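Here is my note on the structure, written as numbered points. Have the model open as you read.

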Amino acid sequence: MQSETLNSMPFHADASGFYGDFGGAFIPEMLYANVEALRNKYLEIIGSDDFQKDYQKLLRDYVGRPTPLYEAGNLSERYGARIFLKREDLNHTGAHKINNTVGQVLLARRLGKKRIIAETGAGQHGVATATVCALMQMECIVYMGSVDMERQAPNVARMRMLGAKVVPALSGSRTLKDATNEAIRDWINNPESTHYIIGSVVGPHPYPDLVARLQAVISEEIKSQLLSETGNSNPDYVIACVGGGSNAAGAFYHFLNTPEVKLIGAEAAGEGVSSGKTAASLVVGKKGIIHGCLTSLMQTEDGQIVEPHSISAGLDYPGIGPLHAHLHQTHRALYYSITDNEAIEAAFELSETEGIIPALETAHALAVLKKLQLKTTDKVVVNLSGRGDKDLSTYMKILESR
Ligand SMILES: *Cc1c(COP(=O)(O)O)cnc(C)c1O
């Protein structure tokens, strides 16, 4: 399905938004005009000097980029390799999500939109969206599963303090998938005034490509930082956790066509891939459509979506971005399934060895280190997607039982 001209970049979306067999835009009639307008304009807008000037300035002065690439000495010693942490946790609001929201709010303004809606799982995307809306003085409505509102209460408070309206999603498992359904419903009802900021590389084309491009700053920085630190811009491994897959897409982006760089994604296995309580969409999923996109989806024999489970709200999604379904199918990237317990162990390990408390999502990427056969010369970049403040109530429960 790749067009001739794009064949040289086999891991990028074609004109219809397909990555090999996955992707596309399967949307209700009512959304067609909105998605079409976005598709027609996004490349021109985000490629323009005017946009890039505003975007780069905000990334530098407001978000705090470039984020450091920190060579973690104690962790390196423990695993017998050179381990570098890309510190997305040091971004304003504490995760990579704001790279995307800054870009999409700037895009929304250029599309003449006045009202912003978003879905959120862990609350990081909601907080990032509410933050940039406060900065740009735009109305902001965030949909969030009521279960997530409970387990991520500090982020709910942050969004409200930033002036956003947080609307609970009360259907299904009352988590990220259900919040996304509510956001799509809102967009159908308010197509003219509203831009929907999707928080990951999911949804109908052009969102997966748009979000990947806005997160690609991560691997752009990794390359130049590694070059000045080690004399070579390519690491041996890049590891990132995968919910929808945006921090991984950003960390992989500029390495996709460099096969010597091994790319590894960490999915949430929950209580185990065969336990029935999992969010490992690539392992247990089959081809299906969710939120406008053909991808690998957790579903029953007759195509009903299976409720996902993960200890981390940000990975608790039954689908995955189409780029990752394609990278998995073509073996360009490898995906490990990490259980709740393995993630918790990795979170405590990083805290105790490096003095960095990671988000529970990020801990899934760190847990991969135990599964690799590393050489002392290997350079490994782990994308530290976010910080652990929002997960403190989960960590407190674990500390009590230790
Ligand atoms: C949202 C989130 C994730 C998962 O989203 P991706 O789109 O897969 O990156 C991972 N880590 C953190 C800290 C998050 O907030």
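**Notes on the two domains and the ligand**

1. Let's start where the two halves meet: domain 1 and domain 2 bury about 3400 Å² between them, and carbon and sulfur atoms give 59% of that. Buried area here is the accessible area (1.4 Å probe) that two parts lose on being put together, summed over both. The size of an interface is often given this way, as the accessible area lost when the parts come together.

2. A word on what you're looking at. This is a predicted model, where local features need pLDDT of at least 70 and side-chain atom pairs count only at pLDDT 80 or more, while totals for chains, interfaces and linings use all residues. Residues are numbered from 1 along each chain as its sequence is written, and side-chain values use heavy atoms, with hydrogens and water left out.

3. Which stretches make up the domains? Domain 1 is 13–61 + 97–211, and domain 2 is 65–94 + 215–401; the bounds come from an automatic or database domain assignment. The contact (heavy atoms within 4.5 Å) takes 41 residues from domain 1 and 43 residues from domain 2. Their C-alpha centres lie 22 Å apart.

4. Now the polar side of things. There are three salt bridges between the domains, a salt bridge being a side-chain nitrogen of Lys or Arg within 4 Å of a carboxyl oxygen of Asp or Glu. Lys287 and Asp21 also meet in a salt bridge through their side chains, at 3.5 Å, N to O.

5. Have a look at the ligand too. It is surrounded by 17 residues, and the closest are Lys97, Ser200, Gly243, Gly245 and Ser246; to count, a residue needs a heavy atom within 4 Å. A polar backbone atom of Gly245 is 2.7 Å from a ligand oxygen atom. Polar side-chain atoms do likewise: the one from Ser246 lies 2.7 Å from an oxygen of the ligand, and the one from Asn247 lies 2.8 Å from an oxygen of the ligand.

6. Finally, some backbone oddities to check. Arg65 and Pro66 are joined by a cis peptide bond, with omega about 0°. Another cis peptide bond joins His205 and Pro206, with omega about 15°. Arg174 has a phi near 55°, a positive value in a residue other than glycine.

Methods: A polar contact is a pair of N or O atoms within 3.5 Å; within protein, one must be able to donate a hydrogen and the other to accept it, and residues adjacent in sequence count only if both atoms are side-chain atoms.
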